[in-house]
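Grab a pencil and work through these exercises with the model open beside you. Try each task before you read its solution.

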Amino acid sequence: MPDDCLFCRIVAGEIPAEVVRRSDGLLAFRDISPKAPVHVLVIPERHVQSLAGVTGLTQAERSDMLAFIAEVATQEGLDESGYRVTTNHGPDGQQSVFHLHWHVLGGTQLSDSM
Ligand code: AMP
C-alpha cells in the first residue's frame, strides 16, 4: 500500500469516509464532492492505480468487483431509475486519485454529454 494513497488510507480507516458497503476486499463509500444525488465510489481494497492496472488484481477480484458495483447500485435504489458507472484513467480522463475507483452515479437524469 503506498503511504500517500488517499483511498488506501480510507481502506485502512486512517481517513474517514461514509462507507455504504464492504465485502471481500471491496469497499463502497460516498464521494466527498457528489456530482449527483447518489455518487458512490467503489474500489478494490488492494491498490492498483487505475483500470489500466487491473491485471494486478486476480480474476476473482475483477469479477467480484463487477458484481459488487451492481449490488451497490441496487442497494442505493437505482435499479429502476437507472444509473451510470464510470472510471477515469490518466490525464485525458482527468483522473485525480490514483487508486482504481468506479463512480456510481444516479438519483437524477444524468447529462448526456459524458
Ligand atoms: P477521479 O477524478 O475520477 O480520480 O475521482 C476522484 C474522486 O474522489 C472525486 O470525485 C473526488 O470528489 C473524490 N474524493 C476525493 N477525496 C475524497 C474523500 N476523502 N472521500 C471521498 N471521496 C473523495
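**Exercise 1. Work out the order of helices and strands from the N terminus on.**

Solution. Start at the N terminus and read along: the elements run α-β-β-β-α-β-β. That gives two helices and five strands; here helices (H or I, at least four residues) and strands (E, at least two) are DSSP runs, numbered from the N terminus. Before going on, keep in mind that this is a predicted model, where local features need pLDDT of at least 70 and side-chain atom pairs count only at pLDDT 80 or more, while totals for chains, interfaces and linings use all residues. Residues are numbered from 1 along each chain as its sequence is written, and side-chain values use heavy atoms, with hydrogens and water left out.

**Exercise 2. Check the radius of gyration of the protein against the value for a compact globule.**

Solution. First get the yardstick: the radius is taken over C-alpha atoms, and the globule rule is 2.2 Å times the number of residues to the power 0.38. For 114 residues that rule lands near 13 Å, and the protein has 14 Å, so the two agree. Next, look at the box around the C-alpha atoms: along the principal axes it is roughly 35 × 30 × 30 Å.

**Exercise 3. Find the residues that touch the most other members of the largest nonpolar core, and the elements that feed it.**

Solution. Such a core is a set of buried Ala, Val, Leu, Ile, Met, Phe, Trp, Tyr and Cys residues joined through side-chain atoms within 4.5 Å. "Buried" means under 20% relative accessible area, "exposed" over 50%, and "partly exposed" in between (1.4 Å probe, protein chains only). Of the 18 residues in the largest core, A28, V40, V42, M65, L100 and V104 touch the most other members. Two or more residues each come from β2 (26-30), β3 (38-44), α2 (59-75) and β5 (102-106). The top contributor is α2, with five residues. Apart from this core lies another, of 10 residues, including C8, V11, L27 and V97.

Now zoom in on M65, which sits in helix α2. Its relative accessible area is 4%, so M65 is buried. Skipping neighbours within four places in sequence, M65 is in contact (heavy atoms within 4.5 Å) with L26, P44, V54, L57, L100 and W102.

**Exercise 4. Decide whether D4 and H99 are buried or exposed.**

Solution. Take D4, in the segment before α1 (6-11). D4 counts as exposed because its relative accessibility is 70%. Then H99, in the loop between β4 (83-86) and β5: at 0% relative accessibility, H99 counts as buried. Not counting residues up to four places away in sequence, H99 touches C5, F7, C8, I43, P44, E45, R46, H47, V48 and Q49.

**Exercise 5. Describe what surrounds the ligand and which backbone atoms it meets.**

Solution. Start with the neighbours: 17 residues surround the ligand (a heavy atom within 4 Å), and the closest are D31, N88, S96, H101 and H103. Then go through polar contacts, meaning pairs of N or O atoms within 3.5 Å; within protein, one must be able to donate a hydrogen and the other to accept it, and residues adjacent in sequence count only if both atoms are side-chain atoms. A ligand nitrogen is 3.1 Å from a polar backbone atom of I32. An oxygen atom of the ligand lies 3.3 Å from a backbone N or O atom of Q94, and an oxygen atom of the ligand is 2.7 Å from a polar backbone atom of S96.
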